Amino acid sequence: MSAKNFLLALWQGASDAGLQPSRLPQRLRMPLSWLQSLLLLSARLLLAKAFFLSGLTKLRDWDTTLALFQDEYQVPLLPPELAAYAGTAGELVLPVLLALGLGGRFAAAGLSVVNLMAVLSLAEIAPAALIQHQFWGALALLILVWGPGRLSVDALWPAALTRSA
């Protein structure tokens, strides 16, 4: 492949918004695919850590958690105690699934709901906290769109099933 054709193929691959990765030069497809998987793994672990630590904080002082859901957080459609249990369970179970990449899109969708409820349930939210929630929402959206990546149970499971069959 000439340098001109390589640069043209690289430009076409870079300008198609990722919709046609087959337009990338062959020698770039595999490294970029693995880089994408590493970035998705990083996004999954970062998002999982933030929510799991929040869930642990709620568990450590359950009386305060219940009081916050009763007095501060105004979760729509749920009684405060049920919202406290549901939110805490979501913050403990979904991050584990997300970190493993097991039901990765499901876990990202669930954490998106938890994240959205956290923002909507506060009457006032500090600008820095809002930016952090927006960042978490963007990470969850990234995982929803592209899936958990190659470095996940979701990607490895079908391969293991076909080997054993």
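**Exercise 1. The salt bridge**

Are Lys58 and Glu91 buried or exposed? Locate the pair in the fold and state what it connects.

Solution.
- The model is a predicted one, and a search of the whole structure finds one salt bridge.
- The side chains that form the salt bridge belong to Lys58 and Glu91, with an N to O distance of 3.0 Å. This is inside the cut-off, which is 4 Å between a side-chain nitrogen of Lys or Arg and a carboxyl oxygen of Asp or Glu.
- Lys58 belongs to helix α2 and Glu91 to helix α4, so the pair ties together parts that are 33 residues apart in sequence.
- Both Lys58 and Glu91 are buried, and buried means under 20% relative accessible area.
- As background, side chains of opposite charge can pair when their charged atoms come close.

**Exercise 2. Two helix pairs**

Give the overall secondary structure, then describe how α2 packs with α4 and how α5 packs with α6.

Solution.
- The protein has seven helices and zero strands. Its pattern along the sequence is α-α-α-α-α-α-α.
- Two packed helices are described by the angle between their axes and the distance between the axes.
- For α2 and α4, the axes come within 8 Å and the crossing angle is roughly 155°. Angles over 145 degrees count as roughly antiparallel, and α2 and α4 are therefore roughly antiparallel to each other.
- The crossing of α2 with α4 is left-handed.
- For α5 (residues 104-120) and α6 (residues 127-146), the axes come within 9 Å and cross at roughly 160°. That makes α5 roughly antiparallel to α6.
- The crossing of α5 and α6 is also left-handed.

**Exercise 3. An unusual backbone angle**

Which residue has a positive phi although it is not a glycine? Find where Leu77 lies and classify its accessibility.

Solution.
- Most residues other than glycine have a negative phi.
- Leu77 has a positive phi of about 75° and is not a glycine.
- Leu77 is in the loop that runs between α3 (62-71) and α4 (80-100).
- The relative accessibility of Leu77 is 88%, so Leu77 counts as exposed; the cut-off for exposed is over 50%.

**Exercise 4. A nonpolar patch**

Which residues make a nonpolar surface patch of about 270 Å²? Take Leu35 and check its class of accessibility.

Solution.
- The patch is made by Leu32, Leu35 and Leu39.
- Leu35 lies in helix α2, which spans residues 26-60.
- Leu35 has a relative accessible area of 42% and is therefore partly exposed.
- For comparison with the whole chain, 28% of the 165 residues of the protein count as buried.

**Exercise 5. Sequence separation and distance in space**

How many residues apart in sequence are Leu120 and Gln74, and how many separate Gln70 and Ala83? State the C-alpha to C-alpha distance of each pair.

Solution.
- Leu120 is placed in helix α5. With a relative accessible area of 51%, Leu120 is exposed.
- Leu120 and Gln74 are 46 residues apart in sequence, while their C-alpha to C-alpha separation is 7.8 Å.
- Gln70 is placed in helix α3. Gln70 has a relative accessible area of 51% and is therefore exposed.
- Gln70 and Ala83 are 13 residues apart in sequence and 9.4 Å apart in space, C-alpha to C-alpha.

Terms used
Residues numbered from 1 in each chain as written. Predicted model: local features only at pLDDT ≥ 70, side-chain atom pairs only at ≥ 80, totals over all residues. Heavy atoms only, no water. Patch = residues over 30% accessible without salt bridge, like charges linked within 9 Å, V, L, I, M, F, W, Y side chains within 5 Å. Areas by Shrake-Rupley, 256 points an atom, 1.4 Å probe, with all protein chains shown as cover. Helix = DSSP H or I, 4+ residues; strand = E, 2+ residues; numbered from the N terminus. Buried < 20%, exposed > 50% of the residue type's maximum accessible area, 1.4 Å probe, protein only. Axes fitted to C-alpha atoms, helices over the stretch in contact; angles between N-to-C directions. Parallel < 35°, antiparallel > 145°, perpendicular 65-115°, else oblique. Left-handed = near helix turned anticlockwise from the far one by under 90°.
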